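Colleague: I am new to this structure. Please pick one part, take a close look at it, and then show me how it sits in the whole.

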Amino acid sequence: MATELFHSDNYCVFTFAATAHALKAEKILKNIDADFLVIPTLREISTSCGLSVKLSPDNLNRYFQDLVENRVAVEGVYRIAKEGKKNLVTKIDLS
């Protein structure tokens, strides 16, 4: 449920080069009843597009594949682990 995802300290994010790509991803993920949140992109990751998609690591591969099949340009995939007040960011290569 998105409420659990909202409070999660261990999650993944998809980033996008443009806001239009993030909005297209949101539309596609809503159509498949995905469990996700649209959040501001963490500054530890990027300052380009202001929006990212936050999701559970359990759904990472499935949702990534859904976006690729629908021609959404995902710029980056990251695993985030909160340690105190810091975000530990690890880039993931799914290509």
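**A close look at one strand residue**

Modeller: Val 13 is found in strand β1. The model is a predicted one. Val 13 has a relative accessible area of 1%, so it counts as buried, the cut-off being under 20%.

What does Val 13 touch, not counting residues up to four places away in sequence? The list includes Ile 39 and Ile 45. It also takes in Ser 52, Val 53, Lys 54 and Leu 55. Gly 76, Val 77, Tyr 78 and Ile 80 complete it. Leu 42 gives a sense of distance: 29 residues separate it from Val 13 in sequence, and 9.4 Å separate the two in space, C-alpha to C-alpha.

Now take one of these partners, Val 53. Val 53 touches Val 13, and also Cys 12, Phe 14 and Phe 16. Ala 25, Leu 29, Phe 36 and Leu 37 are further contacts of Val 53, with residues up to four places away in sequence again left out.

Val 53 leads to the largest nonpolar core, which has 18 residues. Val 53 is among those with the most contacts inside this core, together with Phe 14, Phe 16, Leu 29, Leu 55, Leu 60 and Leu 67. Strands β1 (10–16) and β3 (51–55) each supply at least two of the core's residues, and so do helices α2 (19–31) and α3 (60–69). Another core, of nine residues, lies apart from it. Leu 5, Leu 37, Ile 39 and Leu 42 are among its members. In soluble globular proteins, nonpolar side chains tend to be buried together.

A polar residue makes a useful contrast. Asn 87 lies in strand β5 (residues 86–92). Asn 87 has 13% relative accessibility and therefore counts as buried. Its side chain makes a polar contact with the side chain of Glu 44, at 3.3 Å. The side chains of Asn 87 and Lys 82 are also joined by a polar contact, of 3.3 Å. Beyond its neighbours within four places in sequence, Asn 87 is in contact with Leu 42, Ile 80 and Ala 81, as well as Glu 44 and Lys 82.

Finally, step back to the whole. The protein has three helices and five strands. From the N terminus on, they run α-β-α-β-β-α-β-β. Buried residues make up 40% of the 95 residues. Of the contacts with a separation of 6 or more, 70% join residues 24 or more positions apart. The radius of gyration is 12 Å, which agrees with the value near 12 Å for a compact globule of 95 residues.

Definitions and conventions
Residues numbered from 1 in each chain as written. Predicted model: local features only at pLDDT ≥ 70, side-chain atom pairs only at ≥ 80, totals over all residues. Heavy atoms only, no water. Core = buried A, V, L, I, M, F, W, Y, C linked by side-chain atoms within 4.5 Å. Buried < 20%, exposed > 50% of the residue type's maximum accessible area, 1.4 Å probe, protein only. Helix = DSSP H or I, 4+ residues; strand = E, 2+ residues; numbered from the N terminus. Contact = heavy atoms within 4.5 Å. Polar contact = N/O pair within 3.5 Å; in protein donor to acceptor, adjacent residues only side chain to side chain. Rg over C-alpha atoms; globule rule 2.2 N^0.38 Å.
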